[in-house]
Amino acid sequence: MQKLSFKTIELKRLILLLAGFGVLITLLSSFYATYQVQRQLHIQKTLEANRAYATKVAKITSLFLDASLQQLAYSAKKIAMHFDNEQVVKSELERLTLQTDTFNATIYARENAEIVSVYPQSIPVSGLFLQDSQSLKVLEAREPMVSEPFVSPAGNFIISLSAPVIDLNGTFRGFIGGAIYLDGDNILNKLMGEHFYQDGSFLYVVDGHGTLIYHKDPNRVGENVVQNDVVRQALGDRVGAQQVINTKGESMLAGFAAIPEVHWGVVAQQPLNVTLENLNWSLLRVVELNLPAIFLVFLGIYVFGSKISKPLWRMAKGVELTDSIGHNNVHNINAWYFEAAQLKAAIVDSTSKLTQRIVKLDYDRTTDPLTGLLNRRGLTHHLNQIECRQQCFSTLAVDIDHFKHVNDTFGHGVGDEVLKQLANELSKHARFGDIVCRVGGEEFLVLLPEINMDIATSVAERLRKSVEEVEFKHARRVTISIGVAFWDGITNTPNEILESADKALYKAKQMGRNQVAVV
Ligand SMILES: Nc1nc2c(ncn2[C@@H]2O[C@H](COP(=O)(O)OP(=O)(O)OP(=O)(O)O)[C@@H](O)[C@H]2O)c(=O)[nH]1
């Protein structure tokens, strides 16, 4: 696997990467923290709302049952006065059933359990004897009661509210009962159904055994859910709220309350995922609203990163393009912050030292240390330029006569002084543009650009005479021999012309020295 190398990544990208990573981590962590806090708040709020709601519904249901029992008690009183008058009984049952929507059906049964009358009369149970345990319990108890759910003689799944019929003599004459059909359209649906919310919240009511007597899904009425933790708590006369897993394995936020008079329990709940759906939506909205700001932050980081990296990048390029004598454009770069300014100062300082050193080295390389004139290397540089330009020139090869004798007679130090004085003399006679150099021990060369052979010969003669008259320190008189050559800028090469000048010099020496000669 190839190793990731940061050396190829630009600084502005690294800054973007680092800052972007920081921004992302901060955003994610703040979103996560907000989500967790909001999640807890939503759950607490929903639990509390469901608890309050279950409590309220339990209270309303309790009041409803009380009121219904009172209605039955009133009718029972009326029937007690006419219990053997079939017409009165019938019309009272009719009134009881129709005047309110409380009961789906009403009956009057004698103390021997025989059904005397029923409303609606279409139910074919008149004359039958009640045999179910709930009805027998009522006959036995002889007091107002709310039954457990049971299947009526007509085959309906019902709960029955009942009131004893006791005549003026205090004799028990049976009971009247109001049936609420649990598996059909009933008063509980009207009471509870109105409170069913579109947001997935719903409630259900269980009897004392945990059997559903009301549920928004009518198919579930009659199902036993006593194993549900909140159902058990509600049946234990407790009020509260908690998160539970229902019988279908769904996580619910449930509030519960008891109706102690009938040992029923009410549970109001909302699926956890519905509660969190709202939260997810709100958080997505928060993210959406934050997007422009996030975009601006990234843009800012990119722009700022570019500004930070720009001077460094330009300095790197500047150093890379530094020329052979150490010149570059680093001093023009706007190093606007501390580190960049420090780096720029260091680069400018080191390149200027480098330039000085290169200039010094170049000078040393091309200059004769004794006389300060150009040496052979310095001469080569000028010759190359002349050759490139194809510029004609004359050259004078100058050599001190019997210099060995000077050295031998006056010493090497005096010899050096003679060399320096002669170099001075040659320079003094040079025009602007002439090139004077020391090419050997006591050998000098003078290049005279754009000068022809004739003029060069007369310049050489003038020079020779002038040197002849110079008073050299210690050595007194010194003479020179000069060989002259000319290059027309076309034929041969400048180096061949220098050789010609040397030959002319040799000729001058042969001719007796202190001479000017041409080949
Ligand atoms: N003082 C001094 N002497 C040098 C220097 N370079 C070369 N010489 C001497 O210059 C002398 C050159 O001698 P030769 O080549 O025999 O030539 P010459 O004595 O001048 O004789 P001709 O050139 O034939 O007239 C030698 O003695 C070298 O030691 C230098 O830098 N300083």
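**Exercise 1. Which exposed residues does the face of α10 turned away from its buried side carry?**

*Solution.* The model is predicted: local features need pLDDT of at least 70, side-chain atom pairs count only at pLDDT 80 or more, and totals for chains, interfaces and linings use all residues. Residues are numbered from 1 along each chain as its sequence is written.

Step 1. Helices (H or I, at least four residues) and strands (E, at least two) are DSSP runs numbered from the N terminus. A residue is buried if 20 or more other C-beta atoms lie within 10 Å of its own, exposed if 12 or fewer, and partly exposed in between, with C-beta atoms placed from the backbone.

Step 2. G415, V418, L419, L422, E425 and L426 are the buried residues of α10. Viewed down the axis of α10, these buried residues fall within an arc of 125° (the arc of the directions from the helix axis to the C-beta atoms), so they line one face of the helix. An α-helix has 3.6 residues a turn, so residues three or four places apart point the same way.

Step 3. The face turned away from that buried side carries the exposed residues G413 and K428.

**Exercise 2. Determine how the end-to-end span of α10 agrees with its expected value, and list the elements against which its buried residues pack.**

*Solution.* Step 1. The expected span of a helix is 1.5 Å times one less than its number of residues. Helix α10 covers residues 412-429, and its 18 residues should span 26 Å; the end C-alpha atoms are 26 Å apart, which agrees.

Step 2. Two residues are in contact if their C-beta atoms, placed from the backbone, lie within 7 Å. The buried residues of α10 pack against β12 (393-400), α9 (403-410), β13 (435-438), β14 (443-449) and α11 (453-469).

**Exercise 3. Describe the shell around the ligand by residue, element and class.**

*Solution.* Step 1. A residue is near a molecule or strand if its C-beta atom, placed from the backbone, lies within 6 Å of it. The ligand is surrounded by 17 residues, the closest being F403, K404, H412, G415 and G441.

Step 2. At least two residues of this shell come from each of β12, α9 and α10. G415 is also one of the buried residues of α10.

Step 3. Ala, Val, Leu, Ile, Met, Phe, Trp, Tyr, Cys and Pro count as nonpolar, Asp, Glu, Lys and Arg as charged, and the others, Gly among them, as polar. By these classes the shell has four nonpolar, six polar and seven charged residues.

**Exercise 4. Which residues of α7 are buried, and what does their cover include?**

*Solution.* Step 1. Helix α7 (residues 338-366) has 29 residues and reaches 42 Å from its first C-alpha to its last, close to the expected 42 Å.

Step 2. K344, I347 and T351 are its buried residues. Their cover includes α6 (272-320).

**Exercise 5. Locate the backbone features at P120, R142 and H263.**

*Solution.* Step 1. Most residues other than glycine have a negative phi, and most peptide bonds are trans.

Step 2. Y119 and P120 are joined by a cis peptide bond, with omega about 0°. P120 lies in the loop between β2 (115-119) and α3 (133-141).

Step 3. R142, in the loop between α3 and β3 (145-146), has a positive phi near 55°. R142 is partly exposed, with 14 other C-beta atoms within 10 Å.

Step 4. H263 also has a positive phi near 55° and is placed in the loop between β10 (251-259) and β11 (264-271). Its 17 C-beta neighbours inside 10 Å make H263 partly exposed.

**Exercise 6. Characterise the pairing of β9 with β10, and the surroundings of Q269.**

*Solution.* Step 1. Two strands pair if DSSP finds at least two bridges between them. Strand β9 (residues 240-245) pairs with β10 in the antiparallel sense over six bridges. The bridge partner of Q242 in β10 is A254.

Step 2. The two strands, β9 and β10, form a hairpin with five residues between them, and G249 in the turn has a positive phi of about 85°.

Step 3. Q269 belongs to strand β11 and is buried, with 28 C-beta neighbours inside 10 Å. Leaving aside residues up to four places away in sequence, Q269 touches N50, S201, F202, M252, L253 and A254. A254 is thus named twice: as a contact of Q269 and as the bridge partner of Q242.
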